[in-house]
Amino acid sequence: MSAALSIESLKTQAQGLSFRNQAFIGGQFADAASGKTFDCVSPVDGKVLTAVAAGDAEDVDRAVKAARAAFEDGRWSRQHPAKRKKVLQRWADLIEEHATELALLETLDMGKPIGDSSRIDIPAVANCIRWYGEAIDKIYDEVAPTGDNAVAMMLREPLGVVGAVVPWNFPLLMAAWKMGPALATGNSMVVKPAEQSPLTVIRAAELAVEAGLPEGVLNVVPGFGETAGQALGRHMDVDAIAFTGSGEVGKLFMKYSGESNMKRVSLECGGKTPNIVMADAPDLDAAATAAAWAIFFNQGEVCNAGSRLLVEESVKDELLERIMKVGQKMRVGDPLDPSTQMGAMVDDTQMERVLGYIEKGRSEGAKLAMGGERIMTETGGYYIAPTVFDDVKNDMTIAQEEIFGPVLSTISFSDPEEAIRIGNDTIYGLAAAVWTSDINKAHKAAKALRSGVVWVNCFDAGEMSTPFGGFKQSGFGRDKSLHAMDKYTEVKTVWIELH
């Protein structure tokens, strides 16, 4: 998207958008078998964007049958790796060509600033698809060491039909983290986007077919979790479920698997990231800026948001003052305004949930240092001011439960050992960060923190080449990197006796 585009230009383009609002099954758009729809409401202003097909078990079954047929006849699963590579690369090209359209859809549907959608989300989607496309013809199988009388090969084969149930906070990017490796390894897919933000995933599937992905390989069924999501999780002909969302729903998918065909399940179920700043942090301004963006970026609707700020007592007041200065300067506004830095909560339900946590923090004795209220009510949208709590105890609700909003809990500690103890005192283990000039402290903390990723003197750093996923109740399995491809393949041993 051109940096020169104004809010007026973007709103004009938004008004001209055509919404793909049906299921995408077997390469064709289709209404829900029941004929039911649900309103897709924009959190920008609370107005209905379009009515989307409300898929349920019958639609999921049609999509699974289309995916299974595509897998079994080999139109994708047995296609030459070089050809599959070209298709995914062409798909990435088309995503870039339609970047403004996709960014506008993402912003209207989810409420994030257009600057984030256009400069972060959509480029990252294209990069993800292209990265896995490039990997297709560079992954080798293995030959085991044996005696001279045998050859033993370990072959990686696609699972078959993969179901992906993805969240609303990064609608297309989280889907891409599943679609990239699952399709690269030769699987067929059924994707269930979040009902709050289904539009970009549907459109991207259409672009995939335009890029040359055979019909039936990638199917999208919009709908609700308790209907379409559960049907996908329980389906007897789905070989795997890849889920990103809440721990509560993640546990349901494990139950669905056990009660159906024991399909493979991989989960990313959020976190309560400890962002640990020690008194010897190399740059307190950098730590403060990173801490503010760690919780206010994407309105705090981020699985690894730095929602727990653990600060050594001697620098707590100074650091908190600097963080609040960053937060106070952050521009909360119309998500279609390129200058906006923080947009709307995804819907009124999430807004009320976050406001409820803020009230809970007050009632349990935390000190509200900044924000804490709904703002911009005149727009009809769902906006909350950047919020900071001080004097938080780690056993308080706001320090233990994932809020998924722009709410920072500040907790003090006296020494590194206490910081690690507090950091690990959570059911989650998705991410952590440590700020220190002492390499010994950094190494010890990185080893001691029970998290899938630990950042040192930075926050939310990474590339496609590094895996992302959690410990404990943050889930299991990894997105991104070559490790993600393991989730979507089986290892087959072929032993050949030589005579």
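**Group meeting: a tour of the 499-residue model**

Let me start with contacts: of those with a separation of 6 or more, 74% join residues 24 or more positions apart. Contact here means heavy atoms within 4.5 Å.

Now the ground rules. This is a predicted model, where local features need pLDDT of at least 70 and side-chain atom pairs count only at pLDDT 80 or more, while totals for chains, interfaces and linings use all residues. Residues are numbered from 1 along each chain as its sequence is written, and side-chain values use heavy atoms, with hydrogens and water left out.

Overall build next. The protein has 15 helices and 22 strands. Both are DSSP runs, numbered from the N terminus: H or I over at least four residues for helices, E over at least two for strands. The C-alpha trace spans about 75 × 60 × 45 Å along its principal axes. What about the radius of gyration? The protein has 23 Å, and a compact globule of 499 residues would be near 23 Å, so the two agree. That radius is taken over C-alpha atoms, and the globule rule is 2.2 Å times the number of residues to the power 0.38.

Surface and charge. About 19500 Å² is exposed, and carbon and sulfur atoms supply 51% of it. Those areas come from the Shrake-Rupley method with a 1.4 Å probe; for residues, only the protein chains shown count as cover. There are 50 positive and 68 negative side chains. Lys and Arg count as positive, Asp and Glu as negative; His and the chain ends are not counted. The centres of the two sets lie 2 Å apart. Each charge is placed at NZ of Lys, CZ of Arg, CG of Asp or CD of Glu.

Into the interior. Buried residues make up 58% of the 499. The cut-offs: buried is under 20% relative accessible area, exposed is over 50%, and partly exposed is in between, with a 1.4 Å probe and protein chains only.

The largest nonpolar core has 112 residues. Helix α6, residues 171–184, gives the most to this core, with 10 residues. By a nonpolar core I mean a set of buried Ala, Val, Leu, Ile, Met, Phe, Trp, Tyr and Cys residues joined through side-chain atoms within 4.5 Å. Which residues have the most contacts inside the largest one? They are W91, M179, M189, V191, L218, L309 and L319. Take V191. Leaving out residues up to four places away in sequence, V191 touches A164, V166, M179, V201, L218, N219, V220 and V221. A second, separate core has 28 residues, including L310, V354, Y382 and M396.

Some single residues now. T200 sits in helix α7, residues 199–210. Is T200 buried or exposed? Buried, at a relative accessible area of 0%. Beyond four places in sequence, T200 touches L102, L105, E106, P171 and L172.

K36 is exposed, with a relative accessible area of 56%. Look for K36 in the loop between β2 (28–30) and β3 (37–41). Residues up to four places away aside, K36 touches V52, A53 and A54. The C-alpha atoms of K36 and V209 are 26 Å apart, with their positions 173 residues apart along the chain.

G380 lies in the loop between β15 (374–375) and β16 (383–384). At 30% relative accessibility, G380 is partly exposed. Where does S42 sit relative to G380? The two are 338 residues apart in sequence, and 9.8 Å apart C-alpha to C-alpha. Not counting residues up to four places away, G380 touches D45 and G46.

P81 is in helix α3, residues 81–97. P81 is also partly exposed, at 30% relative accessibility. Its contacts past four places in sequence are I136 and D137. From P81 to I139 is 58 residues along the chain and 10.0 Å between C-alpha atoms.

Last, backbone angles. Most residues other than glycine have a negative phi. Q299 has a positive phi, near 60°, and is not a glycine. Q299 is placed in the loop between α10 (284–296) and β13 (308–312), and is buried at 0% relative accessibility. D391 has a positive phi too, about 55°, again without being a glycine. D391 falls in the loop between β17 (387–390) and α13 (397–400). D391 is partly exposed, with a relative accessible area of 38%.

That's the tour.
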